[in-house]
Amino acid sequence: MAENGDSENMSDLERKVCQQIEYYFGDHNLPRDKFLQEKIKLDEGWIPLEIIIKFNRLNRLTKDFDTIVGALRKSKAGLMEVSEDNTKIRRSPNKPLPEVTEQYKNAVKSRSVYIKGFPLDASLDDIKEWLDNKGKVENIQMRRTLQKAFKGSVFAVFDTVESAKQFVEIPGQKYNDAELIVLFKDDYFTKKNEEKKRNRLEAKAKAKQEKEEKQKQAEDAEMKSLEEKQGCLLKFSGDLEDQTSREDLHAVFSDHGEIKWIDFVRGAKEGIILFKSSAKEALSKAQEANDGNLQLRAKDVVWEVLEGDTAKEALKKIMEGQQELLNKKKGRGGRKGKGGKGARGAQDKKVKFLGKKTKFESDDEEEGEDDGMTGPASPKKRPLEDTEQEEPAPKQLKTENGAGDQE
């Protein structure tokens, strides 16, 4: 078994090969890579090179075993080991994976940076190249929508808090000619949460305004309805018999005017009749038909056509009674029956409502670049989705190099 650690200078290709493989077996990718996790259980952590070269990003760099072995032997990271026969590699047992505790997560978060402003067609390699020589970057996550489209922003994890701070403090950073937004990840989420809170408040204020406008429209419509019904209300009062009923009123006016609603309960001494048209005309016809003496059950009655504000208030009361009866019918599954205070018409006539009183209630996906394997042995893709939360759920990822160690 050959250990890493040779200080011999690397070629550009060898450096990229080391970055890629050390990413596959690194602290960020390996714990989430289901495919590699399964393979390292089979042979004391050893993975055949014939499997490794099927990983897309490495495959695009080289398929030559000697190049891979030579590059790993020159690496200074000490993360990887090469088997004696140069056919297998593994993560060094002397470099165990860190325990993923809250303390570890917070430590990673403290050196994570949000960068926005890349073109939507930028590749991971483009972004890695731009970040080269700007600090040692351990991992890059390209943030994507649910439809897998690149958002133009990334999360980059630096090796130390100090290197992340130095990067964030570089003024006026640009990608080509485009200005970039650069924030610590914590600051980004703080800003995002403030924006969401502001948006919620604005939405709530808008909803309140819309509710008030709708209420005003409903009130205007109600007032218009009341205006249209002026002169249609007839009040009656007197020492009425307790058995006086709405049927008696229908009998009196059946040939003289169409009744739409009667606000009256048995035993009361007064009530109001809503006619479809002129109450005065209906009253005049009924009185004429009864020689000027219009009674109920042989009892004298005072008849009064309501107008003005008195009529409006009475109409509001009738409309409330209609709504209450309608609600009770809905509560009984639409069955017909006696309502509450609001009176129903005669059994042979349908109740017609003025209208309902309307009530109004007030009141990003993160993903690493895919790095599958070529050929039929390709593992399933496992994208890391951006949930716009401080700690994305630890989903299984497809093996991919977000960014290797930068020399």
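1. A good place to enter this predicted model is a network of salt bridges that links D12, R15, K16 and D132. Within that network, the side chains of D12 and K16 meet in a salt bridge with an N to O distance of 3.4 Å. The two residues are 4 apart in helix α1, and therefore about one helical turn separates D12 from K16. Neither end of the pair is described as buried: D12 counts as partly exposed at 44% relative accessibility, and K16 counts as partly exposed at 36%.

2. A search of the whole structure finds 18 salt bridges, and two others can be set beside the pair in α1. E281 forms a salt bridge with K285, and their closest N and O atoms are 3.2 Å apart; because these residues are 4 apart in helix α11 (residues 279-289), they are separated by about one helical turn. E281 is partly exposed, with a relative accessible area of 43%, and K285 is partly exposed as well, at 39%.

3. In helix α12 (residues 308-331), E324 and K328 lie 4 residues apart, about one turn of the helix, and their side chains meet in a salt bridge of 3.6 Å, taken from N to O. Here E324 is partly exposed, with a relative accessible area of 36%, while K328 counts as partly exposed at 33%.

4. Turning to the interior, the largest nonpolar core has 24 residues, of which I21, F25, I68, L72 and I89 touch the most other members. At least two residues of this core come from each of α1 (12-24), α2 (34-39), α3 (49-52), α5 (65-74) and β3 (80-82), and the largest share, 5 residues, comes from α1. Another core, of 21 residues, lies apart from this one and includes V113, F118, V154 and L180.

5. Helix α7 (residues 124-131) has as its buried residues L124, I127, K128, W130 and L131. These residues cover an arc of only 160° around the axis, so they lie on the same side of α7. The helix is followed by N133, whose phi is positive, near 70°.

6. For the chain as a whole, the reader may wish to keep a few totals in mind. The protein chain has 12 helices and 16 strands, and buried residues make up 41% of its 407 residues. The chain exposes about 22400 Å², and carbon and sulfur atoms supply 46% of that area.

Notes
Residues are numbered from 1 along each chain as its sequence is written. This is a predicted model: local features need pLDDT of at least 70, side-chain atom pairs count only at pLDDT 80 or more; totals for chains, interfaces and linings use all residues. Side-chain values use heavy atoms; hydrogens and water are left out. A nonpolar core is a set of buried Ala, Val, Leu, Ile, Met, Phe, Trp, Tyr and Cys residues joined through side-chain atoms within 4.5 Å. Buried means under 20% relative accessible area, exposed over 50%, partly exposed in between (1.4 Å probe, protein chains only). Accessible areas come from the Shrake-Rupley method with a 1.4 Å probe; for residues, only the protein chains shown count as cover. The arc is that of the directions from the helix axis to the C-beta atoms. A salt bridge is a side-chain nitrogen of Lys or Arg within 4 Å of a carboxyl oxygen of Asp or Glu.
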